[in-house]
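Some questions on burial, strand pairing and salt bridges follow, each with a short reasoned answer. The model to be examined is shown here.

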Amino acid sequence: METLLSLAINAALKAGKIIMEVYATPFDVYVKSDDSPVTQADLRASNLIKEMLKTSNLPFVSEEDMPDDRSQFSKYWLVDPLDGTQEFVNRNGEFTVNIALIDNARPVLGVIYAPVSDTLWYAINNKGVRKVAMVHDNRAFRQLDYLTYGLMDCEIWKKAHKPNAERPFTVLVSRSHRTHEVDDYIDKYLRPEHPDLLIDSCGSSLKFARLAEGNADVYVCYSKTKEWDTAAADAILSASGGKVLRISDGRPLAYSKEDYPNPPFVAFAAGL
């Protein structure tokens with residue numbers, strides 16, 4: 001499993017480099033059949049990640065590469081090569097590369113890389129979250145070796161990490177896709193217990209990273225997301241002791257469904 005994590009980390013870093021190359025140009029934006037935006041950064045990053053991960057001999061599923069049927073895949077990669085394309089288009093820096101390993105319909109490995117801040121979060125087998133803030137140096141993309149570097153120079157959040165009691169109870173919402181259902185949920189279920197709560201917005205899976213670090217408490221999502229949007233983040237948040245639960249029945253998000261869309265969900269930091 002550590003070899004697969006090393007492979008995923010290096011794929012995320014190199015995809016991030018490609019994304020930043022496109023980010024520095026006056027790139028074009030296209031609209032897909034579901035009305036979501038896509039850029040050359042999405043496509044180039046997806047192709048690179050797929051090429052790197054194929055050495056694992058595991059199936060590859062991504063937002064840009066969906067097989068007709070994945071029901072026969074017991075273990076496979078689930079990738080969002082550019083999570084937060086709208087944030088990328090808006091040039092606010094809040095986008096990430098997400099790589100997850102799904103095993104028996106659950107994410108057991110997760111990597112999130114934020115190219116603009118050059119920050120990496122990763123988790124494996126529910127053993128705690130590692131965060132590496134890297135130096136902006138192209139050599140890092142050539143020299144990073146997870147087995148000798150990644151576990152040594154990083155901050156680690158173990159399970160049962162407690163949210164920070166010195167800050168307001170913080171609820172995260174999507175920066176670009178906030179809906180009235182989110183506000184209704186907050187007013188009905190969260191504000192009565194936390195009348196002074198703070199609502200903060202953030203793009204992409206960075207919301208999950210903040211929960212894993214204990215820098216926020218809850219993320220409420222009613223917007224349209226797909227499994228690849230949440231898989232890596234779900235693995236990382238779960239490793240920190242948090243949870244991602246469906247609003248309808250309080251059960252964990254399901255993966256490897258017949259279709260890719262997620263239902264509305266709430267993500268909780270550890271201790272809640």
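Q: Is Asp234 buried or exposed in this predicted model?
A: The relative accessible area of Asp234 is 1%. The cut-off for burial is under 20%, so Asp234 counts as buried.

Q: Which residue does the side chain of Asp234 meet in a salt bridge?
A: The closest approach of the pair, N to O, is 3.7 Å, and a salt bridge requires a distance within 4 Å. The partner of Asp234 is Arg106.

Q: How many residues apart in sequence are the parts that Asp234 and Arg106 tie together?
A: Asp234 belongs to helix H8 and Arg106 to strand E6. The pair therefore links parts whose separation in sequence is 128 residues.

Q: Is Arg106 buried or partly exposed?
A: Asp234, its salt-bridge partner, is buried at 1%. Arg106 has a relative accessibility of 31%. Buried means under 20% and exposed over 50%, so Arg106 is partly exposed.

Q: How many of the nine residues of strand E6 are buried?
A: Strand E6 covers residues 106-114. The strand is mostly covered, and its buried residues number seven.

Q: How many bridges join strand E5 to E6?
A: Strand E5 spans residues 96-103 and runs antiparallel to E6. One pairing sets Ile102 opposite Pro107 in E6. The number of bridges that join E5 to E6 is seven.

Q: Which residue takes a positive phi in the hairpin of E5 and E6?
A: This hairpin has two residues between the strands. A positive phi near 55 degrees is found there at Asn104.

Q: Which residue in E7 is the bridge partner of Ile112?
A: Strand E7 (residues 119-124) is antiparallel to E6, and six bridges join the two. Across this pairing, the partner of Ile112 is Trp121.

Q: In the hairpin of E6 and E7, which residue takes a positive phi?
A: Between these strands there are four residues. The phi in question is near 55 degrees, and the residue is Asp118.

Q: Which side chain makes a polar contact with that of Ser205?
A: Ser205 sits in the loop between strand E11 (198-202) and helix H7 (206-213), and it is buried because its relative accessibility is 0%. Beyond four places in sequence, it touches Asp83, Thr96, Asn98, Ile112 and Ala233. The polar contact has a length of 2.9 Å, and the other side chain is that of Thr96.

Q: What is the length of the polar contact between the side chains of Thr230 and Asn262?
A: Thr230 is in helix H8 (residues 227-239) and counts as buried at 2% relative accessibility. Leaving aside neighbours within four places in sequence, its contacts include Phe208, Leu253, Tyr255 and Asn262. The polar contact with Asn262 is 3.2 Å.

Q: How far apart are the closest N and O atoms of Asp183 and Arg178?
A: Asp183 is partly exposed at 24% relative accessible area. Arg178 is also partly exposed, at 43%. The two form a salt bridge in which the closest N and O atoms are separated by 2.6 Å.

Q: What is the relative accessible area of Glu51?
A: Glu51 forms a salt bridge with Lys54, with the closest N and O atoms 2.8 Å apart. Glu51 is partly exposed, and its relative accessible area is 46%.

Q: How many salt bridges does the structure hold?
A: The pairs include Asp183 with Arg178 and Lys54 with Glu51. The total for the structure is 15.

How values were computed
Residues are numbered from 1 along each chain as its sequence is written. This is a predicted model: local features need pLDDT of at least 70, side-chain atom pairs count only at pLDDT 80 or more; totals for chains, interfaces and linings use all residues. Side-chain values use heavy atoms; hydrogens and water are left out. Buried means under 20% relative accessible area, exposed over 50%, partly exposed in between (1.4 Å probe, protein chains only). A polar contact is a pair of N or O atoms within 3.5 Å; within protein, one must be able to donate a hydrogen and the other to accept it, and residues adjacent in sequence count only if both atoms are side-chain atoms. Contact means heavy atoms within 4.5 Å. Two strands pair if DSSP finds at least two bridges between them.
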